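Dear colleague,

Please find below the structure I undertook to pass on to you. I should be grateful if you would look through it alongside the notes that accompany it.

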Amino acid sequence: MAALVSHFISTRNPQLKATLSDVVFRSLAPDGGLYMPNHIPVLPAEFWQNCHTLTLPALATEILAAHLKQFVPKEVLASICADAFDFEVPLVPLEQGVHVMELFHGPSLAFKDFGARFMARIMAYLLQSGQGPTQDAQQSVHVLVATSGDTGGAVAMGFLGTPGIKVTILYPSGKVSHLQEKQLTALGQNIRALEVNGSFDHCQALVKQAFSDADLREQLVLTSANSINYCRLLPQAVYYAWAYAQLKDQLAQETRLGNRLVFSIPSGNYGNLCAALILREMGCPITALVASSNANNVVPRFLQSGTYEPKPTVATLSNAMDVGQPSNWERITHILGHDHKAIGKVLVGHDFSDEVTTLAMEQIIHLRGYVLEPHTAVGYLGLKSYQKNHLPCMGVVAATAHPAKFLEAMPAVVAQEVTIPERLAALADREKVATYIEPDYTTFRQFLLANT
Ligand SMILES: *Cc1c(COP(=O)(O)O)cnc(C)c1O
C-alpha cells in the first residue's frame, strides 16, 4: 500500500500543510487555490480485483479511508458511509455498450446527495471531536449556501438535523422550480431559507460579502458547503468504483471491448468529472472520461483547440451545467498538468445544443422506452460521440438528476412518462417557510445576527 495522505496542500502551493478541519470548514485555501491531498493514494491491484464483493457502503469506506484515515478513524468512516450511502445506485443497460448509472435515488434526487450527505457527517464528527473552527460547544456553526436549484436541496437535506450546525439557504425568488423550492423551504429544523428578490448572482454576492465581513465573523462561525469543498467532491469517486465493480466481469468476458471502460459525465463545475479522475489516479482501470457539456463548452473547446477561454454563462435546458468558468478545472490541471496533449489522453470533450439534446430525449423514449432528462441526455450524446470515434468500449453515462425535477425542460412525449417519486410528491403538500428579502447586505446581516 502506498504512503498515506498526511496533510492537504493548495493547488497553488504544494508547501501548504492544511488539516482536514481546514479543508472542510474553509473550502478555499488561503491563497485562493483549491485543497488537494499531498498525494493521491493508490489502492493495490488485489483491491480492484475483489471490489465486486463489497457493498456500496463498504466500498465507499475503502475509497474514503485511503484519503482520510489519518484524520477520521476507519470505524467512524464506516458508520458514516453506512448512514450516508443507504440508497441504490442501479446500472441500467440501455443499449449495446451503454449503461446508465442512476445517481438520483438519494433524498434530494440528485447526485449531489453523495457529497452533501458525506460532508454533513464529517463536519458533525469534526465538531464533536473538538476539531471544529470554534472551541465553544454552545456556538453553532453557520453554513451559508447560495443556490440556483439542485445544490441547495442536496445540502438542505444532507444537513437536516445535524447537531451544532445551522444552514441558511439563499435562492433567487421565482427562478427555481416549484419542487426545488419545496426542497429548500419545507424542511424546518436547522434549515432556513431566504428568498431573495434577485438573481442567483445576487445570492452569491450576499454570501461572499458575509464571508469577507470581519466584524460579522467575530460574532458568528461561518462556513460554506460549496461544491469546491474537497469533502463534497471526494465521495463522488465512490460511484465510479461501484460501476467498475458491477461491470468488470462482463467487461472481461466481452473481449471485443478490450477491457476499455469509459465514463461520460455531464459537467458544469467539473467536480463530478474531477472525482472520476481522482479514482482513476487511485488505480481504477478507467480508459477515458468524456466531458459532456451544453453550450457552456469551455472545456470541450479547450480539448479541441488547446486554448482555455472562459465565456459568460448562457442559459440552457440542462441548467445545472450552466457554468461559464468551471471552478474545479484548477484541480484537473493540478492532477493532469497543463499540457494539452497529456490532458487529451484522458479527457475527451463534446458539447451539444438544446435542439440536439431534445431530439435525443425524444429518440430514447421512442426507441428504448427510457426517460433521459436534459443533463443525462447530454451525457448520453457525449458517450455516443466518443464511441463513434474510438475503439469499442463499455460506456457508462452518469445520470445526475431524477427526471421528475426537470419536467419543464423535457418534451411533452417524454415528460408524460415520468412518475413523481413519493417523497418528492409528499414535499409538495408541505408548507413553504421562507423569509423574503431584498438583495441588500444590511438586511441579510441583520437576519443572520437575529437568528443565531
Ligand atoms: C450539479 C449538476 C451537474 C454538474 O456537476 P459538476 O460537478 O458541477 O460538473 C450536472 N447535472 C446535474 C443535474 C447537477 O445538479
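The notes below concern a sheet with its packed helix, and then one serine residue.

Please bear in mind throughout that this is a predicted model.

The sheet is open and has 5 strands, which pair in parallel in the order β9-β6-β7-β8-β14. Its edges are formed by β9 (221–224) and β14 (435–437), each of which pairs on one side only. From one strand to the next, the twist averages 30°.

Within this sheet, 6 bridges join strand β7 (residues 165–172) to strand β8 (residues 191–196) in the parallel sense. Tyrosine 171 has glutamate 195, in β8, as its bridge partner. Helix α8 (residues 200–211) packs on the sheet and touches β6 (141–146), β7, β8, β9 and β14. The direction of helix α8 makes about 150° with that of β6.

The second point concerns serine 264, which is located in strand β10 (residues 261–266). Serine 264 counts as buried because its relative accessibility is 0%, and the cut-off for buried is under 20%. Its side chain makes a polar contact of 2.8 Å with the side chain of serine 292. In addition, a polar atom of the serine 264 side chain lies 2.7 Å from the backbone oxygen of glycine 379. Serine 292 and glycine 379 both appear among the contacts of serine 264 beyond its neighbours within four places in sequence. Those contacts also include Val290, Gly382, Leu383, Val396, Val397 and Ala398.

With kind regards

Key: Residues numbered from 1 in each chain as written. Predicted model: local features only at pLDDT ≥ 70, side-chain atom pairs only at ≥ 80, totals over all residues. Heavy atoms only, no water. Pairing = 2+ DSSP bridges. Helix = DSSP H or I, 4+ residues; strand = E, 2+ residues; numbered from the N terminus. Axes fitted to C-alpha atoms, helices over the stretch in contact; angles between N-to-C directions. Contact = heavy atoms within 4.5 Å. Buried < 20%, exposed > 50% of the residue type's maximum accessible area, 1.4 Å probe, protein only. Polar contact = N/O pair within 3.5 Å; in protein donor to acceptor, adjacent residues only side chain to side chain.
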